[in-house]
Amino acid sequence: QVQLVESGGGLVQAGGSLRLSCVVSGGIFSINDWYRQAPGKQRELVATITGGGSTYADSVKGRFTISRDNAKSTVYLQMNSLKPEDTAVYYCYARRGSYGYWGQGTQVTVSS
């Protein structure tokens, strides 16, 4: 059974940093993503990591870094220089072929 468990969210002041973690169990996935969803908005793709590299939404480029430790089956999202508009529930997503799996989400709140 595939399971994704996020952690690391919380309340931080603007300009601060957080690191989110996502432990993936039950399979090996070549593509991992972080999404976020703010209240009243659609879920949006924040960052993607594959064997060939990583990509980022323009809104987080230069501030966020996605990485993964295959030995620990964990995907990370390092978030620096946080802004109030980064406030959202952050979700981990793992893809393999036509299948995808979501984590339960972790709340990130950035105060001004």
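Strands, as the term is used here, are DSSP runs of at least two residues, numbered from the N terminus. In this predicted model, Ser81 is found in the loop between S8 and S9. The phi angle of Ser81 is near 50°, a positive value in a residue other than glycine. Ser81 has a relative accessible area of 42% and is therefore partly exposed, a class that lies between under 20% for buried and over 50% for exposed.

A positive phi, of about 50°, also occurs at Ser73, which is not a glycine. Ser73 belongs to the loop between S7 and S8. With a relative accessibility of 35%, Ser73 likewise counts as partly exposed.

The loop between S8 and S9 also holds Thr87. Once residues up to four places away in sequence are set aside, Thr87 touches Ala38, Gln107, Val108, Thr109 and Val110. Thr87 and Ser111 are 24 residues apart along the chain, and a distance of 8.4 Å separates their C-alpha atoms.

Nonpolar side chains tend to be buried together in soluble globular proteins. In the present model, the largest nonpolar core comprises 26 residues, and those with the most contacts inside it are Trp34, Phe64, Leu77, Met79 and Tyr90. Two or more residues are given to this core by each of strands S3 (18-25), S5 (44-50), S7 (64-69), S8 (74-79), S9 (88-96) and S11 (106-111). Beyond its neighbours within four places in sequence, Phe64 is in contact with Arg36, Val46, Tyr56, Leu77, Gln78, Met79, Asn80, Leu82, Asp86 and Tyr90.

A search of the whole structure identified one disulfide. Its partners are Cys22 and Cys92, whose sulfur atoms lie 2.2 Å apart. The pair links distant parts of the chain, with Cys22 in strand S3 and Cys92 in strand S9, 70 residues apart. The angle about the S-S bond is -85°, and the link of Cys22 and Cys92 is left-handed. Both cysteines, Cys22 and Cys92, are buried.

The largest pocket encloses about 190 Å³ of space. Its lining consists of Val24, Gly27, Ile28, Phe29, Asn32, Arg68, Asp69, Asn70, Ser73, Thr74 and Val75. The elements contributing two or more residues to this lining are S7 and S8. By residue class, the lining of the largest pocket divides into four nonpolar, five polar and two charged residues. Ser73, described above for its positive phi, is thus also one of the residues that line the largest pocket.

Conventions. Residues numbered from 1 in each chain as written. Predicted model: local features only at pLDDT ≥ 70, side-chain atom pairs only at ≥ 80, totals over all residues. Heavy atoms only, no water. Core = buried A, V, L, I, M, F, W, Y, C linked by side-chain atoms within 4.5 Å. Buried < 20%, exposed > 50% of the residue type's maximum accessible area, 1.4 Å probe, protein only. Helix = DSSP H or I, 4+ residues; strand = E, 2+ residues; numbered from the N terminus. Contact = heavy atoms within 4.5 Å. Disulfide = S-S within 2.5 Å. 1 Å grid on protein atoms, 1.4 Å probe; cavity = no way out; pocket = protein on both sides within 12 Å on 5 of 7 lines; lining within 4 Å. Points joined across faces, edges and corners; volume = space filled by probe spheres on them. Nonpolar A, V, L, I, M, F, W, Y, C, P; charged D, E, K, R; others polar.
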